[in-house]
Amino acid sequence: MTPPPLRLETLSGAALQARLPALSHLRIAVFAEWPYLYDGDAAHEARYIAAYAADPDAAVVVAFDGEAPVGMATCQPMLASHGPVPAAFRARGLDPARFCYFGESVLLPAYRGRGAGVGFFAAREAHARRLGLPAAAFCAVQRDPNDPRRPAGYVPLDGFWRRRGYVHHPDLTCVFAWKEHGDERETPHRLAFWLKDPR
């Protein structure tokens, strides 16, 4: 029997604030996997999501199995996002004020293939339209395909993103630092952008 679709809710403000602990643990669990290998910290994650709750133009789309959050995807005006993101666009002559920035999309492995990924994009694009933002963008970490840590059979999401109408711009990049599992300190990681821009 095919499992039912997950329930998606777009949360902001106090409704999002109430879900901070569960969403923090969710991000840590999923980003620990390849290709991010992130060694997360619950306090840092709570502050990260709280910033979305404090931004009246931000939204987080949460996937629920019953009452348990099993996935989430964030969005906000790019001008309100982390410094490296709008700076990367300005450096290339692109106006960040036109873009809604999709910060991440995470889903526990057991719930993949049930439509949440498509739903995350649809809900975030709807939010962007409500904000009057005509374009959307997100970035993904660039990894060496020959990295020995890459799991056997790993399939990147490039095809899925292209089917959603996003175009890869490998020359449009920014750098974020995070601590990988097994490391003692944060290291810089380069991420490349994908854009959906009707212009």
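## A first look

Two residues are in contact here when they have heavy atoms within 4.5 Å of each other. With that in hand, welcome to this structure, which is a predicted model.

Let us start with Gln142, which sits in the loop between β6 (135-141) and α6 (158-163). Setting aside the neighbours within four places in sequence, Gln142 is in contact with Pro170, Thr173, Arg190, Leu191 and Ala192. One of these partners, Thr173, is 31 residues away along the chain, and the C-alpha atoms of Gln142 and Thr173 are separated by 9.5 Å. Is Gln142 buried, exposed or partly exposed? Its relative accessible area is 35%, so Gln142 is partly exposed.

## The chain as a whole

The chain holds six helices and eight strands. Read from the N terminus, they follow the order β-α-α-α-β-β-α-β-β-α-β-α-β-β. The radius of gyration is 16 Å, close to the 16 Å that the globule rule gives for 199 residues, so the chain is as compact as a globular protein of that length. Along the principal axes, the C-alpha trace spans about 45 × 45 × 35 Å.

How much of the chain is buried? Buried residues account for 45% of the 199 residues. Among contacts with a separation of 6 or more, 71% are between residues 24 or more positions apart. On the outside, the chain exposes about 10,000 Å², and carbon and sulfur atoms supply 56% of that area. As for charge, there are 23 positive and 21 negative side chains, and the centres of the two sets lie 6 Å apart.

## The loop between α2 and α3

Our next stop is the loop between α2 (20-31) and α3 (42-54), where Pro35 lies. A cis peptide bond joins Trp34 to Pro35, with omega at about 15°. Leu37 is found in this loop too, and its phi is near 55°, a positive value in a residue other than glycine. With a relative accessibility of 14%, under the 20% cut-off, Leu37 counts as buried.

Trp34, the partner of Pro35 in the cis bond, also belongs to the loop between α2 and α3. Trp34 counts as buried because its relative accessibility is 9%. Which residues does Trp34 touch, not counting those up to four places away in sequence? They are Arg143, Asp144, Asp147, Arg149, Arg150, Pro151 and Tyr154. Trp34 and Ala192 are 158 residues apart along the chain, yet their C-alpha atoms are separated by 16 Å. Ala192 has already appeared in our tour, as one of the contacts of Gln142.

## Helix α5 and Glu125

Helix α5 covers residues 116-130, and its length can be checked with a little arithmetic. At 1.5 Å a residue, its 15 residues should span 21 Å, and the end C-alpha atoms are 21 Å apart, which agrees. The buried residues of α5 are Ala116, Gly119, Phe120, Phe121, Ala123, Arg124, Glu125, Ala126, His127 and Ala128. Just after the helix comes Gly132, with a positive phi of about 75°.

Glu125, a residue of α5, deserves a closer look. Why does Glu125 count as buried? Its relative accessibility is 17%, and buried means under 20%. Leaving out residues up to four places away in sequence, Glu125 touches Phe102, Arg164, Tyr166 and Lys196. Glu125 and Ala63 are 62 residues apart in sequence, with 16 Å between their C-alpha atoms.

## Strand β8 and Thr187

The last stop is strand β8, which runs over residues 187-196 and includes Thr187. Beyond the neighbours within four places in sequence, Thr187 is in contact with Phe176, Ala177 and Trp178. How far is Thr187 from Gly132 in space? The two are 36 Å apart, C-alpha to C-alpha, with their positions 55 residues apart in sequence.

Strand β8 also ties together some of the earlier stops. Its range of residues 187-196 takes in Arg190, Leu191 and Ala192, which Gln142 contacts, as well as Lys196, which Glu125 touches.

Key:
Residues numbered from 1 in each chain as written. Predicted model: local features only at pLDDT ≥ 70, side-chain atom pairs only at ≥ 80, totals over all residues. Heavy atoms only, no water. Helix = DSSP H or I, 4+ residues; strand = E, 2+ residues; numbered from the N terminus. Rg over C-alpha atoms; globule rule 2.2 N^0.38 Å. Buried < 20%, exposed > 50% of the residue type's maximum accessible area, 1.4 Å probe, protein only. Areas by Shrake-Rupley, 256 points an atom, 1.4 Å probe, with all protein chains shown as cover. Lys, Arg positive; Asp, Glu negative; His and termini not counted. Charge placed at Lys NZ, Arg CZ, Asp CG, Glu CD. Expected span 1.5 Å × (residues − 1).
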